[in-house]
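Could you walk me through this model in the viewer, stop by stop? I would like to know what to select next and what is there.

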Amino acid sequence: MGFVLGFLGACLGIVAGIGIIAFVIYAKVRSVVGPVGMKEIKEAAKNMKDLKREEYTREKNVGGITKLIESSIIRDFGDFNKDFLYSKAEKNLMSIFNAIEDKSVEKIKNDNDLIYMYSTIRDKVQDIKNNNITIKYDNVQFHRHAIKDYSKTDGKATITLSSTVGYNYINDSDKNVKKYYSGLKRETRYTTKFVYVYDETKFKYNQKAYMISCPNCGAPLNKFGAGNCEYCGTYIKPINLKNWYMVSYDEDYKNF
Ligand SMILES: [Zn+2]
């Protein structure tokens, strides 16, 4: 009993101490800047919050030079269709958002478009589960896309896309989202990369960068062709490399 009271007393003392310090600082600042200055400081803080909220809800600009790059892609890939790739980016990002929301990779396990992404998403989902975090993406609305970059080297071609999107975002581990942006639509932008392996023999040197995992046990697959997983024996369908596959995605605005 005596211990509990002593403990409560100590807590009270600490709270009172912090209160006194805060008051002394407030009084000191006020004596320096005066009551008018104090009002200005408070207003500046409010404006700061408004500015942050404005920036959060501002539809972002895509960063790309589509026309210029598109022609060089078409030179290498005659049947290239940028709208098809844009819709793929939307579909893939939606699948990733849903997996994060559901905290499950069940629906993307056998998604052929996400073969290079599967292990990354699986790890992310596991991390979210472990930390007991809830993330939600509601009313997702894609705005625009642009081609940001293109390269062709060592048996593979890479296209980088820039995509703007808005959604109602909930993340219970993000203090700022709760503090400033609750109920607001988050306007943001994603950078995604797509790879087309046109010469597997050359690509082998870079293979580690784009690992394909067994959808059943998660073991890395060494070969692209058909066969059985070395670890669990699951049959893996042959992968058509002559296709644009997403290899990475990244939100450009992480710290609002
Ligand atoms: Zn396996």
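## A guided tour

Start by selecting N139: this residue is exposed, because only 9 other C-beta atoms lie within 10 Å (exposed means 12 or fewer such neighbours, buried means 20 or more, and partly exposed is in between, with C-beta atoms placed from the backbone). N139 is part of strand β1 (strands are DSSP runs of E with at least two residues, helices are runs of H or I with at least four, and both are numbered from the N terminus). Check its backbone too: N139 is not a glycine, yet its phi is positive, about 50 degrees.

Two notes before you move on. You are looking at a predicted model, in which local features need pLDDT of at least 70 and side-chain atom pairs count only at pLDDT 80 or more, while totals for chains, interfaces and linings use all residues. Residue numbers count from 1 along each chain as its sequence is written.

**The sheet.** Now colour the strands. You should find an open sheet of four strands in the order β1-β2-β3-β8, with antiparallel pairing (two strands pair if DSSP finds at least two bridges between them). The edges are β1 (135-153) and β8 (245-251), each of which pairs on one side only. From one strand to the next, the twist averages 25 degrees (axes are lines fitted to C-alpha atoms, for helices over the stretch in contact, and angles between N-to-C directions run from 0 to 180 degrees).

Walk across the sheet pair by pair:

- β1 and β2 run antiparallel and are joined by 14 bridges. Select D149 and you will see T160 of β2 opposite; then try A146, whose bridge partner in β2 is S162.
- Follow the β1 and β2 hairpin to its turn, where two residues sit between the strands and D154 has a positive phi near 50 degrees.
- β2 and β3 are also antiparallel, with 13 bridges between them. Here I159 has F194 in β3 as its bridge partner.
- Between β3 (residues 185-197) and β8, again antiparallel, there are six bridges. Pick Y190 to find E251 of β8 standing opposite.

**A helix over the strands.** Next, show helix α2 (residues 66-76), which lies across β1 and β2 (156-171) and runs at about 60 degrees to β1.

**The core.** Which two residues touch the most other members of the largest nonpolar core? Select I121 and Y245: they hold that place among the 25 residues of this core (a nonpolar core is a set of buried Ala, Val, Leu, Ile, Met, Phe, Trp, Tyr and Cys residues joined through C-beta atoms within 7 Å). The elements giving two or more residues to this core are α3 (82-102), α4 (118-130), β1, β2, β3 and β8. The most come from α3, which supplies five residues. As background, nonpolar side chains in soluble globular proteins tend to be buried together.

Stay on I121 and display its surroundings. Apart from neighbours within four places in sequence, I121 is in contact with I96, A99, V105 and I108 (contact means that the C-beta atoms, placed from the backbone, lie within 7 Å).

**Around α3 and α4.** Move to K103, in the loop between α3 and α4. K103 is another residue other than glycine with a positive phi, near 50 degrees. It counts as partly exposed because it has 14 C-beta neighbours inside 10 Å. Then step to S119 in helix α4. Is S119 buried or partly exposed? S119 counts as partly exposed, because 17 C-beta neighbours lie inside 10 Å.

**The two domains.** Zoom out and colour domain 1 (1-57) and domain 2 (63-251) separately (the bounds come from an automatic or database domain assignment). Their centres, taken over C-alpha atoms, are 45 Å apart. The contact between them takes five residues from domain 1 and six residues from domain 2. On the domain 1 side, the touching residues are one nonpolar, one polar and three charged (Ala, Val, Leu, Ile, Met, Phe, Trp, Tyr, Cys and Pro count as nonpolar, Asp, Glu, Lys and Arg as charged, and the others, Gly among them, as polar).

For the last stop, select V15 in helix α1 (residues 2-57). V15 is exposed, since 10 other C-beta atoms lie within 10 Å. Draw a distance from V15 to K193: C-alpha to C-alpha they are 52 Å apart in space, and 178 residues apart in sequence. For S119 and A44, the corresponding values are 46 Å and 75 residues.

Key
Contact = placed C-beta atoms within 7 Å.
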